[in-house]
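Please open the model in your viewer and keep the sequence panel beside it. The tour goes from one selection to the next, with a short account of what is there at each stop.

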Amino acid sequence: MYFPSWLSQLYRGLSRPIRRTTQPIWGSLSRSLVLSSQRRNPEFSSFVVRTNTCGELRSSHLGQEVTLCGWIQYRRQNTFLVLRDFHGLVQVIIPQDESAASVRKILCEAPMESVVQVSGTVISRPAGQENPKMPTGEIEIKVKTAELLNACKKLPFEIKDFMKKTEALRLQYRYLDLRSFQMQYNLRLRSQMVMKMREYLCNLHGFVDIETPTLFKRTPGGAKEFLVPSREPGKFYSLPQSPQQFKQLLMVGGLDRYFQVARCYRDEGSRPDRQPEFTQIDIEMSFVDQTGIQSLIEGLLQYSWPNDKNPVVVPFPSMTFAEALATYGTDKPDTRFGMKIIDISDVFRNTEIGFLQDALSKPHGTVKAICIPEGAVSEVQKFFSTRNLFANFIMELKRQELIRLMETQEEDVVLLTAGEHNKACSLLGKLRLECADLLETRGVVLRDPTLFSFLWVVDFPLFLPKEENPRELESAHHPFTAPHPSDIHLLYTEPKKVRSQHYDLVLNGNEIGGGSIRIHNAELQQYILATLLKEDVKLLSHMLQALDYGAPPHGGIALGLDRLICVVTGSPSIRDVIAFPKSFRGHDLMSNTPDSIPPEELKPYHIQVSWPTDSKAAKAH
């Protein structure tokens, strides 16, 4: 497989602003700032022994003497080989004359994926032998000297993207998997987008890039945190699940605009598409409102967006949490396709059908439905077994009203559910996605993979009932989120009805960012923590104290970098956009991490391991 000229496109595309549908968000630039479009292309061969990369040579280089370094990807009949580096491929002619026997021996005997250095002349390929699929397909290298830098042993798998490899094998030999075109593309695109984000935030908008501590203290609520023992008996650090407290304290400290590519940690156990350590684009601003944060992020993404993808259109549409749940059955809707949830309660308000009557008689009871479009009927009916007498009976009974409400066609399928509003919507939201997956496996195109559909979801509830004890409250976002100004009075009477100033950014059905306007009043923060959430305020005494010392109004957001790059590149998993990810169980298969530690090394931390008595758990260790 030949590399396309993706790398030059990547750098070229990310070095100039994107076409936009509105006025540029970042405004006028200072004369002292230099736009990336005015900069030179990167010098890939500075400071090293090569003169050029394998992927950059063209007809314009004919006659030049070059030195190349790379991996042997392919060899044919000992007459030529294909040399690969991060930039691409080039064809190298193996000399056949006797005087070059030593060069021929090196290039013919070196195993595939061996690392070699060759020097020679750039020449034209013979007429008719050009390869239009290869960016370097008009030229080849006539070798004069060659050196074997390192021979390669037999590989556990071939370094070719079309070769099917299990994920476990890829993670075990990650350093080999990184040589693939797709991994190279993903990581380089990630690097370039982050660089453009730094430029936008720091150079164009005055943000300060500040590193915050990794060793911190336990935070009440939220996800479970990793613990790090200290040498003081019984005392532990925690790895932060985000720099939330630090970035707010930076605002109290008058830094005004903070930014960080932040490493974050969550001990969430076995989650199929989560990582115990992940990366956020972390942002906080003083004297800002929700609109300001949203405009900043829209400009940031527009500025850093890859040129080889469909352009970002701003402003992004917005939808309340209640609207998202009622229309799509989720707070992170994929708006690339329809099949929206329709409320058909009024159709069955006076029905004698038992389960519908029962559902509508209860508080928040409702009847909801989604319509599966024509052409998908047989597949959906096979999957959901909707062809039964009861379904037909309901349809016949209310056919005309349903056709009017749902705008159904003759061969459409209607999926209906009845129950409490949130549960009914959530169920249909899941069915909507299941149907989309099912139909797309059968060739029905619903979600355009080249379309990027952004959506702001706003007006989340400030609190949710705890699953283990519904009478108690927990933060829907985190305990530092400010209540909606219109709902502050409800905090003291009906806190469950309070909306928050929390906003999520959704892309193609994935939550890629979340943030909020923060509480900057110590008294309000104390009331929410102690009275409503019943948290131990001693753990946050430093925060409460800081808010009492002239904290400015502030707000922020964090973009999940791994998830964002995963969606942009169309990768099936976030592990495909991280250089050295953990498995879904949180293990590093390459280095066998986590690992055991001898008891004598645990002594300074006053820790003893208590092995589980359960036989299965014991075997796992």
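Helices and strands in this tour are DSSP runs numbered from the N terminus, a helix being a run of H or I of at least four residues and a strand a run of E of at least two. The model is a predicted one, in which local features need pLDDT of at least 70 and side-chain atom pairs count only at pLDDT 80 or more, while totals for chains, interfaces and linings use all residues. Residues are numbered from 1 along each chain as its sequence is written, and side-chain values use heavy atoms, with hydrogens and water left out.

**The whole chain**

Begin with everything displayed: the secondary structure of the protein comes to 17 helices and 20 strands. Of the 621 residues, 46% count as buried, where buried means under 20% relative accessible area, exposed means over 50%, and partly exposed lies in between (1.4 Å probe, protein chains only). The protein exposes about 32,300 Å², of which carbon and sulfur atoms supply 52%; accessible areas come from the Shrake-Rupley method with a 1.4 Å probe, and for residues only the protein chains shown count as cover. If contact is taken to mean heavy atoms within 4.5 Å, then residues 24 or more positions apart account for 69% of the contacts with a separation of 6 or more.

**Helix 6 and the residue after it**

Next select residues 244–252, which form helix 6 and are mostly covered, seven of the nine being buried. The buried ones are Q244, Q245, F246, K247, Q248, L250 and M251. To see what lies over them, add to the display strand 9 (257–265), strand 10 (277–286), helix 14 (541–547) and strand 20 (554–560), which are included in the cover of these buried residues. Then move past the end of the helix to G254, which follows helix 6 and has a positive phi, near 80°.

**R170 and its partners**

Now select R170, which lies in helix 3 (residues 167–172). Is R170 buried or exposed? With a relative accessible area of 17%, R170 is buried. Apart from neighbours within four places in sequence, R170 is in contact with K165, D177, M183 and D576. Display the side chain of D177 as well, and a polar contact of 3.0 Å can be drawn between the side chains of R170 and D177; a polar contact is a pair of N or O atoms within 3.5 Å, where within protein one must be able to donate a hydrogen and the other to accept it, and residues adjacent in sequence count only if both atoms are side-chain atoms.

Side chains of opposite charge can pair when their charged atoms come close. A salt bridge here is a side-chain nitrogen of Lys or Arg within 4 Å of a carboxyl oxygen of Asp or Glu, and by this rule the count comes to 30. R170 forms one of them with D576, the closest N and O atoms being 2.9 Å apart. Because R170 lies in helix 3 and D576 in the loop between helix 15 (561–569) and helix 16 (599–602), the pair ties together parts that are 406 residues apart in sequence. D576 is buried too, with a relative accessible area of 8%. Keep both side chains on screen and add R174 and D177, since R170, R174, D177 and D576 are linked in a network of salt bridges.

**Two further salt bridges**

Go to helix 2 (residues 101–109), where E109 and K105 both lie, four residues apart, about one turn of the helix. Their side chains meet in a salt bridge of 3.1 Å, N to O. E109 counts as exposed at 53% relative accessibility, whereas K105 counts as partly exposed at 49%.

Then select E440 and R447, whose side chains meet in a salt bridge of 2.8 Å, N to O. E440 is partly exposed, with a relative accessible area of 29%, and R447 counts as buried at 15%.

**A three-strand sheet**

Select strands 12, 13 and 14, which make an open sheet in the order 12-13-14 with antiparallel pairing. Strand 12 (342–343) and strand 14 (413–420) stand at the edges with a single partner strand each, so one side of each is left without a neighbour in the sheet. Strands pair if DSSP finds at least two bridges between them, and two bridges join strand 12 to strand 13 (residues 365–372). Within this pairing, I342 stands opposite A369 in strand 13.

**Cysteines**

Finish with the cysteines: with a disulfide defined as a pair of cysteine sulfur atoms within 2.5 Å, a search of the whole structure finds zero disulfides. C69 is in no disulfide, and the nearest cysteine sulfur, that of C54, is 8.1 Å away. C69 is buried, with a relative accessible area of 15%, and C264 counts as buried at 0%.
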